[in-house]
Amino acid sequence: MKTQKLSKNIILFTFSNRKEITLAFFRMQEFYESPNTALLNKKFSVWDFLNESMSKNGEIGYFSYWCGFNIPSEVLSNWWKLHVHDLTHAEIQIFDALYAQEIDFHEPFYVIGALEKDKAVIKHEIAHALYYTDLDYECEMNESLLQLKIHQLKMYEKMKKSLLKMGYNDSVIDDEVQAYLSSETPKYIKEEFGIDIKNVPEIKQMRKVLSKYNTFNLNA
């Protein structure tokens, strides 16, 4: 695991494989945006997670599916208060790294995680971080989202339906829409959501907004 402080309030964690990154973040992430009400904003153990996520056939796809994670400080703080006496080794490493980076836990910050050298996922997670930490970015992106809903409502609704099916909670849909549409390639969006974003002015504007604010020097 490596850490890089992209700005005073955005911390990037990178990992060599999906096992490492998922073990580090899965409880925090599901606390934040799980579609499962037994996990969302709840205190739950590793056993609870396995019990809720495993099929009757003993299958659990979570640990091989996600390769990027994003958690705002408010959520992280709430999760910590509930789980501080039940931390795994991987979770302890995350908080030790945050202290080592001299994060001010009294100010808003954002934690993102991705696989090493996966620039596409890192870009996607930076879009989440900016949406939370930069008011100007949030305002500009929300204006583009509003225009998208006005002029491309069917596209927005189709993407929302797909995101809910993928396992996102309804409360983070707009954040996910802005992150996917501003950072992912048209080919990826077509394959993942079945929509063609070429020549859509509202989406072109979203991509311009991210490019404008994503000025970080990645060396992790």
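The following exercises, each with a worked solution, concern a predicted model of one protein chain.

**Exercise 1. Confidence**

Task: Determine the average pLDDT of the chain, and state in which helices confidence is lowest and highest.

Solution:
1. The chain averages a pLDDT of 94.
2. A score of at least 70 is reached by 100% of the residues.
3. Confidence is lowest in helix α3, residues 62-65, where the mean is 88.
4. Confidence is highest in α7, at 97.

**Exercise 2. Overall form**

Task: Explain why the radius of gyration of the chain agrees with that of a compact globule, and describe the fold in outline.

Solution:
1. A compact globule of 220 residues would have a radius of gyration near 17 Å; the chain has 17 Å, and therefore the two agree.
2. The C-alpha trace spans about 50 × 45 × 30 Å along its principal axes.
3. The chain contains eleven helices and four strands.
4. Among contacts with a separation of 6 or more, 69% join residues 24 or more positions apart.
5. Buried residues make up 45% of the 220 residues.
6. The chain exposes about 11500 Å², of which carbon and sulfur atoms supply 51%.

**Exercise 3. The nonpolar core**

Task: Identify the residues that touch the most other members of the largest nonpolar core, and list the contacts of Phe13.

Solution:
1. The largest nonpolar core has 69 residues.
2. Those touching the most other members are Phe13, Phe25, Leu98, Tyr137, Leu163, Val177 and Leu181.
3. Neighbours within four places in sequence are set aside for Phe13. Its remaining contacts are Met1, Lys2, Thr3, Phe25, Ile94, Ala97, Leu98, Val111, Ile112, Gly113 and Ala114.
4. Phe25 and Leu98 thus appear in the list of contacts of Phe13 and also among the core residues named in step 2.

**Exercise 4. Two buried residues**

Task: For Ser144 and Ile103, state the location, decide whether each is buried or exposed, and give the contacts.

Solution:
1. Ser144 is placed in helix α7, which covers residues 135-151.
2. The relative accessibility of Ser144 is 5%, so this residue counts as buried, the limit being under 20%.
3. Beyond four places in sequence, Ser144 is in contact with Glu202, Gln205 and Met206.
4. Ile103 belongs to the loop between α5 (89-100) and β4 (110-115).
5. Ile103 has 9% relative accessibility and therefore also counts as buried.
6. With residues up to four places away not counted, Ile103 touches Lys5, Lys8, Ile11, Leu98 and Phe109.
7. Ile103 and Ser73 lie 30 residues apart in sequence, and their C-alpha atoms are 10 Å apart in space.

**Exercise 5. Positive phi angles**

Task: Locate Asn41 and Asn199, give the phi angle of each, and classify their exposure.

Solution:
1. Asn41 lies in the loop between α1 (18-33) and α2 (46-53). Its phi is near 60 degrees, a positive value in a residue other than glycine.
2. Asn41 has a relative accessibility of 48% and so counts as partly exposed, since exposed requires over 50%.
3. Asn199 lies in the loop between α10 (186-193) and α11 (201-213). Its phi is near 65 degrees, which is likewise positive in a residue other than glycine.
4. The relative accessible area of Asn199 is 64%, and therefore Asn199 is exposed.

**Exercise 6. Cysteines**

Task: State how many disulfides the structure holds, and classify Cys67 and Cys139 by accessibility.

Solution:
1. A disulfide is a covalent bond between the sulfur atoms of two cysteines.
2. The structure holds zero disulfides.
3. Cys67 has a relative accessible area of 16% and is therefore buried.
4. Cys139, with 45%, is partly exposed.

Notes:
Residues numbered from 1 in each chain as written. Predicted model: local features only at pLDDT ≥ 70, side-chain atom pairs only at ≥ 80, totals over all residues. Heavy atoms only, no water. Core = buried A, V, L, I, M, F, W, Y, C linked by side-chain atoms within 4.5 Å. Buried < 20%, exposed > 50% of the residue type's maximum accessible area, 1.4 Å probe, protein only. Contact = heavy atoms within 4.5 Å. pLDDT = per-residue confidence, 0-100. Rg over C-alpha atoms; globule rule 2.2 N^0.38 Å. Areas by Shrake-Rupley, 256 points an atom, 1.4 Å probe, with all protein chains shown as cover. Disulfide = S-S within 2.5 Å.
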